[in-house]
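Subject: Structure handover: pockets, cavity and a few residues

Hi,

Here is the structure I promised to pass on. Please open it alongside this note, as my findings follow below.

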Amino acid sequence: LARDWSDITNEEGVEILRNIEGNFNHGFGGLNAIDEGYVLTVDNLLKMLSIQMRLRANLPVIIMGETGCGKSTLIRNLCAILGIPLHTMNVHGGMAEDDVLSWMKSKIKIAESISSQSKVIVFLDEINTCNCMGLFKEIVCDKKTFF
């Protein structure tokens, strides 16, 4: 990774992300996986690398930023590049704890049904809009299972 980051291309960024993941099958994903018009800037690439390292260390990832700054797009493109299934829960104020638990239970079943070497990413979008913050903290940070 010792290089001049100012002149990195989308192709090189995709290759770095996939190589760090250990995904050397260059036929899958790649630039075709990136949303049309999405550019892997140095800033985006470093954020994606940071997310990868946290996931590898089994640490929770919290992405914060203003509305419309690209949090959802960043994680969607990262998962597309790496070929990792992404499951997004669009949280809103009308959700109850049972809704969250039911959704999580279905995603856990999906994760359990795939190879132990595969990954599934669960993205809880806009969790600050719900009255279940304590539940999200227990699921994400404390890794409690209610299932």
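What volume does the second largest pocket have? About 210 Å³. Keep in mind that the model is predicted. Every value here is computed from it.

**Second largest pocket**

The lining of the second largest pocket runs through Tyr38, Asn44, Lys47, Ile51, Val61, Ile62, Ile63, Met64, Cys69, Gly70, Lys71 and Leu74. By type, that is 8 nonpolar, 2 polar and 2 charged residues. Helices H2 and H3 each give at least two residues to this lining. H2 has the largest share, with 3 residues.

**Largest pocket**

The largest pocket has a volume of about 1,500 Å³. Its lining counts 41 residues. Nearest the centre lie Pro60, Val61, Val122, Leu124 and Val140. Val61 also appears in the lining of the second largest pocket.

Which elements supply at least two residues each to the lining of the largest pocket? There are helices H2 (42-56), H3 (71-82), H4 (97-113) and H5 (133-140), plus strand E2 (121-125). The lining splits into 24 nonpolar, 6 polar and 11 charged residues.

**The cavity**

How many cavities of 30 Å³ or more does the structure hold? The count is 1. About 40 Å³ of space lies in the largest cavity. H2 and H3 are the elements that give two or more residues to its lining. The residues around this cavity are Glu21, Gln52, Leu55, Leu78, Leu82, Ile84, Lys119 and Ile121. They divide into 5 nonpolar, 1 polar and 2 charged.

**Glu21**

Glu21 is one of the residues lining the largest cavity, so I looked at its surroundings. It sits in helix H1, which covers residues 10-21. Which side chains make polar contacts with the side chain of Glu21? One is Gln52, at 2.9 Å. Another is Lys119, at 2.4 Å. Gln52 and Lys119 are themselves part of the cavity lining.

Leaving out residues up to four places away in sequence, Glu21 touches Gln52, Arg56, Leu82, Ile84 and Lys119. Leu82 and Ile84 also belong to the lining of the largest cavity.

**Helix H5**

H5 supplies at least two residues to the lining of the largest pocket. Which residues of H5 are buried? They are Leu135, Phe136 and Ile139. Viewed down the axis of H5, these buried residues fall within an arc of 100°, so they line one face of the helix. What do they pack against? Their partners are H4 and E2. H4 and E2 also each give at least two residues to the lining of the largest pocket.

**Lys105**

Lys105 is a residue of helix H4. Is Lys105 buried, exposed or partly exposed? Its relative accessible area is 42%, so Lys105 counts as partly exposed, as that class lies between 20% and 50%. The C-alpha atoms of Lys105 and Arg18 are separated by 29 Å. Along the chain, Lys105 and Arg18 are 87 residues apart.

**Where to look**

For a quick tour, begin at Val61, which is in the lining of the second largest pocket and among the residues nearest the centre of the largest pocket. Then go to Glu21 for the contacts with Gln52 and Lys119. End at H5, where Leu135, Phe136 and Ile139 are buried.

Best regards

How values were computed:
Residues numbered from 1 in each chain as written. Predicted model: local features only at pLDDT ≥ 70, side-chain atom pairs only at ≥ 80, totals over all residues. Heavy atoms only, no water. 1 Å grid on protein atoms, 1.4 Å probe; cavity = no way out; pocket = protein on both sides within 12 Å on 5 of 7 lines; lining within 4 Å. Points joined across faces, edges and corners; volume = space filled by probe spheres on them. Helix = DSSP H or I, 4+ residues; strand = E, 2+ residues; numbered from the N terminus. Nonpolar A, V, L, I, M, F, W, Y, C, P; charged D, E, K, R; others polar. Polar contact = N/O pair within 3.5 Å; in protein donor to acceptor, adjacent residues only side chain to side chain. Contact = heavy atoms within 4.5 Å. Buried < 20%, exposed > 50% of the residue type's maximum accessible area, 1.4 Å probe, protein only. Arc of directions from axis to C-beta.
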